[in-house]
Amino acid sequence: MTAVENDADVIVVGAGPGGSATAYHLAQHGVRVLVLEKTEFPREKVCGDGLTPRAVRQLIRMGVDTSPEAGWLHNRGLRVIGGGVRLELDWPDLASFPNYGLVRTRLDFDDLLAQRAVSAGAKLRTNVNVVGPVLDADNRVVGVEAEVGPDKEPATFRAPLVVAADGVSGRFPLSLGLAKREDRPIGVAVRRYYRSPAKHDDDYLESWLELRSKASGDNLLPGYGWIFGLGDGRVNVGLGVLNSSTAFGKTNYRRLLTDWLANTPEDWGMTDEANAEGPILGAALPMGFNRVPHYTRGVMLVGDSGGMVNPFNGEGIAYAMESGELAAEIAVQALARPAGAERERALMAYPQELKARFGGYYRLGGIFVKLIGRPEIMRMATKHGMPHPALMRFVLKLLANLTDPRGGDAMDRVINAMTKAAPAV
């Protein structure tokens, strides 16, 4: 097949943060990229309004202006609440990452990233629902079948390489028989927006390690919660439950959220249904490489599609964008080689590099998930860990995956040694 017969050099399925980052970095290298997005922008997404410095670094690498003047709310770190202790932990000062986080709603965040990809030269088509692969005689993917527009007109798009960035549903990899692995951690998160003059303009993202319900006699609820301001009079409030918890899959998560919020101070505005904006929405969090292989038969998996959410903290956007940049770098090298064995050799570097970067860390995350799924361990860790700020700073670095790979302080060296020693998932 000649290049003229192809619609692009690379087709990217999905224009979330992972897909847009992939497309941006490919286009920056002069690759012809076609991004196919099933919805229209702007569009709502459930999770991800709060960004750690790891995600901020990826935005900067895409040339995004992250200043307050450009509509971003900056935060200094994480406020952790649990065990009767309230601790404010600033993001660490590192050579490798900025020392601030950001908040911006997914409603315009995804649109902004998609437009960055377009400005770099990528072609974006919205309202195009990809339904399956186009296969050649060797069973290799050489394009996609899609339904276009409200009338679902059938269409075929061709490219020698396809990037699946279609999120947690992973419908494209599923069409190739790549099911998620049940032995890897997964979480469920629900969130809602509330109007809250008291909490909307906070310098810290707030993490609740213990959730209590007034309705059940101040009993401890499963999961962990968060509250952070959007800077516009509203807050994002939510909770997550991991599959290591006995409550996973057996709980009404929306009721869980309202039970917890009923126990918050009245002036925060979250005990009054009249302050709620929109319904409670939920999403799965695919963690620890729960769909593999990340490259096969002409298809690279990026972000949630490849189960790249951090098991330690539920963060997905940073890893979606990071894997997208890596996929782009490797695809550029691969496409410069002739089709066949040489190109395949280059593409196989993608899963190998992902494993080298995150495999050991995600292995530790899987152990962490199993431990905190046991309430007695979580209670003990909260009770004995929270009163020690130095230990909690170490925990923050570990959970947010924020260390300098070379040099750094003693904490960095310990965390880096742990991740290198852990067998990769």
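In this predicted model, Tyr193 stands opposite Glu277, a residue of strand E19. This pair of residues offers a way into the first of the topics below, the sheets.

**The seven-stranded sheet**

Strand E13, which covers residues 186-195, is joined to E19 by eight bridges, and the two strands run antiparallel. In general, the strands of a sheet pair through backbone hydrogen bonds, in either a parallel or an antiparallel sense. E13 and E19 belong to an open sheet of seven strands, whose order is E6-E5-E14-E17-E18-E13-E19 and whose pairing is mixed. At the edges of this sheet are strand E6 (85-90) and strand E19 (276-286), each of which pairs on one side only. From one strand to the next, the twist averages 20°.

A helix accompanies this sheet. Helix H5, formed by residues 253-261, lies across E13, strand E14 (204-208), strand E17 (224-229), strand E18 (234-242) and E19. With respect to E18, helix H5 runs at about 125°.

**The six-stranded sheet**

Another open sheet is made of six strands in the order E8-E2-E1-E12-E21-E20, again described by mixed pairing. Why is one side of strand E8 (123-125) and of strand E20 (295-296) left without a neighbour in the sheet? Each of these strands stands at an edge and has a single partner strand, so one of its sides has no neighbour there.

Within this sheet, strand E12 (residues 161-164) and strand E21 (residues 299-301) pair in the parallel sense over three bridges. Ala164 stands opposite Leu301 in E21. Helix H1, formed by residues 17-28, lies across strand E1 (10-13), strand E2 (33-36) and E12. Its direction is at about 165° to E2.

**Backbone angles in the loops**

Three loops hold a backbone angle that deserves mention; the table lists each angle with its place.

| Residue or bond | Backbone angle | Place |
|---|---|---|
| Phe41 to Pro42, cis peptide bond | omega near -5° | Pro42: loop between E2 and strand E3 (50-51) |
| Val292 to Pro293, cis peptide bond | omega near 0° | Pro293: loop between E19 and E20 |
| Asn127 | phi near 60° | loop between E8 and strand E9 (128-135) |

The phi value of Asn127 is positive, in a residue other than glycine. The loop that contains Pro293 runs between E19 and E20; E19 is an edge strand of the seven-stranded sheet, and E20 stands at an edge of the six-stranded sheet.

**The second largest pocket**

Rolling a probe the size of a water molecule over the atoms shows where empty space is left. The second largest pocket holds about 650 Å³ of space. Its lining consists of 25 residues, and those closest to its centre are Arg54, Arg357, Phe358, Asn401 and Pro405.

Which helices each supply at least two residues of this lining? They are helix H2 (53-61), helix H6 (317-335), helix H8 (349-372) and helix H11 (410-421). The largest share, six residues, comes from H8. By residue type, the lining divides into nine nonpolar, seven polar and nine charged residues.

**The annotated span**

An unreviewed UniProt entry lists residues 7-180 under "domain: FAD-binding". In the model, this span is 24% helix and 33% strand, and its end C-alpha atoms lie 30 Å apart.

Terms used. Residues numbered from 1 in each chain as written. Predicted model: local features only at pLDDT ≥ 70, side-chain atom pairs only at ≥ 80, totals over all residues. Heavy atoms only, no water. UniProt positions renumbered as here; feature names shortened; annotations may be inferred. Helix = DSSP H or I, 4+ residues; strand = E, 2+ residues; numbered from the N terminus. 1 Å grid on protein atoms, 1.4 Å probe; cavity = no way out; pocket = protein on both sides within 12 Å on 5 of 7 lines; lining within 4 Å. Points joined across faces, edges and corners; volume = space filled by probe spheres on them. Nonpolar A, V, L, I, M, F, W, Y, C, P; charged D, E, K, R; others polar. Pairing = 2+ DSSP bridges. Axes fitted to C-alpha atoms, helices over the stretch in contact; angles between N-to-C directions. Contact = heavy atoms within 4.5 Å.
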